[in-house]
Amino acid sequence: MFRHKGKNRTYFHNLELASALSFVAGIVNIVGVLSIKILTTNITGHFAFFSEEMLLENYYVAFVYLLFILSFLIGAFTSSFIVELSFGYKKIRPHLIPLIIEILIFTLIGLSDFKSFGITISSHMIACFLLFTMGSQNALVTRVSQSVVRTTHLTGLFTDLGIDLSKFFFEKREVVFHQIKKNIILKVVIIICFFSGCIIGGFLYKVFSLKALLFTAGLLFFIVRYDRIIYQYYILKRKIKIKKITIRK
């Protein structure tokens, strides 16, 4: 999912990345809305609320919305900065640190719902944390996929999907037509997975409240380990194949 970069990265790698992380974003989106009544995967609406509060001279509330916007920006900056910094160290996988930070934040918020842990986080702080993670995830996915995949919001995605669908009816060249078809499938997969994350996240929140984010942290941990698991699977498969050939001889 993250191991392959540049020319080694295939359409299937982007499809895996898109489906997994858009599902995560969907869960975060609905948990944020249900728990604190704040959008936590994009900042488009927060600009409108910020402007409204400024006009009404509610400067404190306007400042809170500004913090939401900056949290997303700082998340994107931090993720990209860490990736750039990690390129100089061959032993560190560039995507690893941003994802670990995301896992830790989800775990912290999830544990805050257990009164026995004594962790108290305000609703505004939860919103800032979640917006930070989504800004970080969006920047990471954009860089890894070379701007092909975005997973945290759907506005631009629906725009691109509409453009591709219109091209679908007019393009006659087979190669270009095939590429447009692949682009459409990728975008539809992101939309379906985001929507599925929202639905499943809603049910999880209904049962577990903010603890539902612990499930998201676990899912991200699996995503972090996914490349290694697949790599070990192919090694094991190759060893079994060689062993069978040796036995036959």
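Here are six short exercises with worked solutions on this predicted model.

**Exercise 1. The overall architecture**

Describe the secondary structure of the protein, its extent along the principal axes, and its surface.

*Solution.*
Step 1: Start with the elements. The protein has 8 helices and 0 strands, and along the sequence they give the pattern α-α-α-α-α-α-α-α.
Step 2: Take the extent. The C-alpha trace spans about 80 × 55 × 40 Å along its principal axes.
Step 3: Turn to the surface. About 14,600 Å² is exposed by the protein, and carbon and sulfur atoms supply 68% of that area. Of the 249 residues, 41% count as buried.
Step 4: Look at the contacts. Among those between residues at least 6 apart in sequence, 72% join residues at least 24 apart.

**Exercise 2. How α2 meets α3**

Find how the axes of α2 and α3 are oriented, and list the residues that make the contact.

*Solution.*
Step 1: Read off the geometry. The two axes come within 8 Å and cross at roughly 160°.
Step 2: Classify the angle. Because angles over 145 degrees count as roughly antiparallel, α2 is roughly antiparallel to α3.
Step 3: Assign the hand. The crossing of α2 past α3 is left-handed.
Step 4: List the partners. From α2 come H46, F47, F49, F50, E53 and M54, and from α3 come Y59, V61, A62, Y65, L66, F68 and I69.
Step 5: Sort them by class. This contact of α2 with α3 has 11 nonpolar residues, 1 polar and 1 charged.

**Exercise 3. How α3 meets α4**

Work out the packing of α3 and α4, then follow V83 out of that contact.

*Solution.*
Step 1: Begin with the axes. Helix α3 (residues 59–86) packs against α4 at an angle of about 140°, and the axes are 8 Å apart.
Step 2: Identify the residues. S79, I82, V83 and S86 of α3 meet I97, P98 and I101 of α4. By class, these are 5 nonpolar and 2 polar residues, with no charged ones.
Step 3: Now pick V83, which sits in helix α3. Its relative accessibility is 5%, so V83 counts as buried.
Step 4: Collect its neighbours. Leaving out residues up to four places away in sequence, V83 touches P94, P98, L140 and R143.
Step 5: Add a distance. V83 and F132 are 49 residues apart along the chain, and their C-alpha atoms are separated by 16 Å.

**Exercise 4. How α4 meets α5**

Determine the orientation and hand of the α4 and α5 pair, and describe the make-up of the contact.

*Solution.*
Step 1: Take the angle and the approach. The axes of α4 (residues 96–111) and α5 (residues 123–144) come within 10 Å and cross at roughly 155°.
Step 2: Classify the pair. With that angle, α4 is roughly antiparallel to α5.
Step 3: Assign the hand. The crossing of α4 and α5 is left-handed.
Step 4: List the residues. On the α4 side they are P98, L99, I101, E102, I105, F106, L108 and I109; on the α5 side they are I126, F129, L130, F132, T133, M134, S136, Q137 and L140.
Step 5: Count by class. The contact of α4 with α5 has 13 nonpolar, 3 polar and 1 charged residues.

**Exercise 5. Two residues with positive phi**

Locate K37 and E57, and decide whether each is buried or exposed.

*Solution.*
Step 1: Take K37. Its phi is near 60°, a positive value in a residue other than glycine, and K37 lies in the loop between α1 (11–36) and α2 (44–55).
Step 2: Check its accessibility. K37 has a relative accessible area of 66%, so it is exposed.
Step 3: Take E57. Phi is near 65° for E57, again positive in a residue other than glycine, and E57 is in the loop between α2 and α3.
Step 4: Check this one too. E57 counts as exposed because its relative accessibility is 56%.

**Exercise 6. T216 and I199**

Place T216 and I199 in their helices and classify the accessibility of each.

*Solution.*
Step 1: T216 belongs to helix α8 (residues 212–248). At 0% relative accessibility, T216 is buried.
Step 2: Beyond residues up to four places away in sequence, T216 touches V24, I27, V28 and F106.
Step 3: I199 belongs to helix α7 (residues 174–208). At 40% relative accessibility, I199 counts as partly exposed.
Step 4: For a distance, use T142: it is 57 residues from I199 along the chain, and the C-alpha atoms of the two are separated by 25 Å.

Conventions
Residues numbered from 1 in each chain as written. Predicted model: local features only at pLDDT ≥ 70, side-chain atom pairs only at ≥ 80, totals over all residues. Heavy atoms only, no water. Axes fitted to C-alpha atoms, helices over the stretch in contact; angles between N-to-C directions. Helix = DSSP H or I, 4+ residues; strand = E, 2+ residues; numbered from the N terminus. Parallel < 35°, antiparallel > 145°, perpendicular 65-115°, else oblique. Left-handed = near helix turned anticlockwise from the far one by under 90°. Contact = heavy atoms within 4.5 Å. Nonpolar A, V, L, I, M, F, W, Y, C, P; charged D, E, K, R; others polar. Buried < 20%, exposed > 50% of the residue type's maximum accessible area, 1.4 Å probe, protein only. Areas by Shrake-Rupley, 256 points an atom, 1.4 Å probe, with all protein chains shown as cover.
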